[in-house]
Amino acid sequence: MTKSVVGAILLVAFRVAAASYMTALPPGAVYIDPLMYNVVGANYTKWRNSSAVGFNPTNTTPPFIQVFDPSFLDITGPSATIRKIASNPGFAFAHTAPIYVPDLNLVVFANTGSGKLGYYSWYNNSYVGMINMTEVDMALASTTGNVNIQVQTLNLSDNVQMVSGGTGPYKGDFLFVTGGRALLPPSIVRVNPSPPYNTTVILDNFLGRQFNSLDDIKILPGTDIMFFTDPTYGWLGNWRPEPMLPSQVYRFDPSTGQVRVVADQFVHPNGIAFALDGKTAFVTDTGIFGGILGLNQTLPATIYQFDVDPTTQSFTNRRVFAYSDSGAPDGIQLDTKGNVYSGCADGIHVWNSKGTLIGKFYINSASAQLIFTKSGLVILVETEMYVTNIQAHGMPLATW
């Protein structure tokens with residue numbers, strides 16, 4: 001039997017399997033067969049000259065679920081939908097730092113990085129909000145459409161300036177990184193989840209030098225050790241002075257106070273995450289986004305994958321895990337099966353553990369962050385929040 005015949009048989013088998021999977025597509029979902037778009041021809045009229053434009057060859061009205069590989073249906077399940085749960089067209093309230101607190105069924109988040117509609121600056125701090133997912137569930141159960149749940153404002157102390165990333169709960173607290181504001185230093189801060197939301201700063205310098213503008217943070221699974229990214233977006237957003245350190249990833253051991261660099265050579269290191277076993281790290285590089293310097297589509301829009309050294313916990317064996325076709329991967333989370341989720345210019349992209357794009361939650365708007373909850377995957381979209389009731393579960397982020 002010739003190779004061409006074997007190839008044809010395998011292709012037919014794949015398409016038969018895909019067709020059987022497609023009978024279980026969630027409502028409104030669309031299957032995009034990559035083989036149909038490998039060659040579009042010289043007369044193709046939908047070339048995407050801007051990465052800000054999403055790939056929607058079927059012209060499906062968003063939001064919807066876009067399936068690139070049948071395995072994505074194991075994530076979504078047969079009945080997943082995407083529904084809006086909060087909206088404020090005049091205020092970009094939901095950009096970054098989502099933390100889910102299972103015991104209280106709450107999601108907290110911030111708007112640092114959301115642009116002009118965020119109304120923060122050199123002179124004004126950013127906003128931190130909270131939404132009650134129990135109220136979300138009750139409202140969604142009463143209708144088949146979208147809802148608009150009241151978002152609560154968290155008035156934190158002045159030592160919390162420009163919340164830009166978060167994880168946890170960490171020993172019962174919210175764990176935030178802040179970008180700092182003006183001459184006020186970036187920091188790692190613990191926030192009590194109960195009023196009056198007392199705060200404790202646990203790090204605000206690198207041996208006497210201010211960080212640039214911290215962006216995201218995760219705890220290495222099985223430890224208390226914190227890893228965080230430090231790009232220069234504070235300066236590029238006109239709310240921090242000129243950077244004085246390279247854009248790097250740091251390790252902080254709160255038990256010893258030791259801080260050190262574990263990875264460098266980024267343009268703008270942004271989101272960070274670990275595999276469930278703690279042996280692999282992921283860091284997004286949003287180098288394409290230059291703030292006041294504008295958009296440069298030749299710079300990274302990339303997720304890098306690293307091995308975590310079992311002795312030093314430095315990041316080694318750097319390699320490309322994935323490149324986003326739309327915008328750049330920002331915040332990043334993993335599910336319990338090792339699939340990787342990241343917020344991009346058209347919604348949430350999902351790659352399997354090998355780096356293959358298997359699907360999108362297509363919003364047609366930039367989404368910087370996401371978080372798993374009991375209700376499903378919550379998606380932050382600047383002036384809006386969405387939830388999709390998928391059957392996948394996020395890896396545990398709480399540290400006790």
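Start by selecting Pro-169, which sits in strand β8, residues 163-170. The model on screen is predicted. The peptide bond leading from Gly-168 into Pro-169 is cis, and its omega is near 5 degrees. Most peptide bonds are trans.

**Just past β8**

Step on to Lys-171. This residue lies in the loop between β8 and β9, the latter covering 173-178. Check its backbone: phi of Lys-171 is near 50 degrees, a positive value in a residue other than glycine. Most residues other than glycine have a negative phi. Lys-171 has a relative accessible area of 37%, so it ranks as partly exposed.

Keep this region in view and add Thr-399. Look for Thr-399 in the segment after β26, which spans 384-388. Is Thr-399 buried or exposed? Its relative accessibility is 9%, and because buried means under 20%, Thr-399 counts as buried. Now show what surrounds Thr-399. Leaving aside neighbours within four places in sequence, its contacts include Pro-169, Tyr-170 and Lys-171. Gly-172 is in contact with Thr-399 as well. So select Ile-219, Thr-223 and Asp-224 too, which complete the list of contacts of Thr-399. The stop thus ties the segment after β26 back to Pro-169 of β8 through the contact between Thr-399 and Pro-169.

**A second cis bond**

Go to Pro-196. It is placed in the loop between β10 (187-191) and β11 (199-203). The bond from Pro-195 to Pro-196 is cis, with omega near 10 degrees.

**The four-strand sheet**

Select β4 to β7. These strands form an open sheet of 4 strands in the order β4-β5-β6-β7, with antiparallel pairing. Which strands stand at the edges? They are β4 and β7 (152-153); each has a single partner strand, so one side of each is left without a neighbour in the sheet.

Zoom in on the β7 edge. Strand β6 (residues 128-132) pairs with β7 in the antiparallel sense, over 2 bridges. Pick Met-130: its bridge partner in β7 is Gln-152.

Then move to the other end of the sheet and select Asn-105. This residue lies in the loop between β4 (96-101) and β5 (106-110). Phi of Asn-105 is near 55 degrees, a positive value in a residue other than glycine. At 10% relative accessibility Asn-105 counts as buried.

**Strand β2 and its partners**

Select β2, residues 64-67. Both of its faces are covered. Phe-64 and Gln-66 lie on one side, Ile-65 and Val-67 on the other, and all are buried.

Add β1, residues 30-31. It joins β2 through 2 bridges, and the two strands run parallel. Val-30 stands opposite Gln-66.

Now add β23, residues 357-362. Its pairing with β2 is antiparallel and takes 4 bridges. What is the bridge partner of Gln-66 in β23? It is Lys-360. Gln-66 therefore makes a good centre for the view: Val-30 stands opposite Gln-66, and Lys-360 is its bridge partner in β23. Strands of a sheet pair through backbone hydrogen bonds, either parallel or antiparallel.

**The β24-β25 hairpin**

Select β24, residues 369-373. How many of its residues are buried? The count is 5 of 5. Gln-369, Ile-371 and Thr-373 point one way, while Leu-370 and Phe-372 point the other way.

Extend the selection to β25, residues 376-381. A hairpin of 2 residues joins β24 to β25. The two strands pair in the antiparallel sense over 5 bridges. Show Phe-372 as sticks, with Leu-377 of β25 opposite.

**Zoom out**

Show the whole protein chain. It has 4 helices and 26 strands. Its C-alpha trace spans about 70 × 50 × 40 Å along the principal axes. The radius of gyration is 21 Å, which agrees with the value near 21 Å for a compact globule of 400 residues. Buried residues make up 56% of the 400. Of the contacts between residues at least 6 apart in sequence, 57% join residues at least 24 apart.

Finish with the surface. The accessible surface comes to about 17,100 Å², and 55% of it belongs to carbon and sulfur atoms. Colour by charge last: the mean positions of the 22 positive and 26 negative charges are 5 Å apart.

Definitions and conventions
Residues are numbered from 1 along each chain as its sequence is written. This is a predicted model: local features need pLDDT of at least 70, side-chain atom pairs count only at pLDDT 80 or more; totals for chains, interfaces and linings use all residues. Side-chain values use heavy atoms; hydrogens and water are left out. The radius of gyration is taken over C-alpha atoms; the globule rule is 2.2 Å times the number of residues to the power 0.38. Buried means under 20% relative accessible area, exposed over 50%, partly exposed in between (1.4 Å probe, protein chains only). Contact means heavy atoms within 4.5 Å. Accessible areas come from the Shrake-Rupley method with a 1.4 Å probe; for residues, only the protein chains shown count as cover. Lys and Arg count as positive and Asp and Glu as negative; His and the chain ends are not counted. The place of a charge is taken as NZ of Lys, CZ of Arg, CG of Asp or CD of Glu. Two strands pair if DSSP finds at least two bridges between them.
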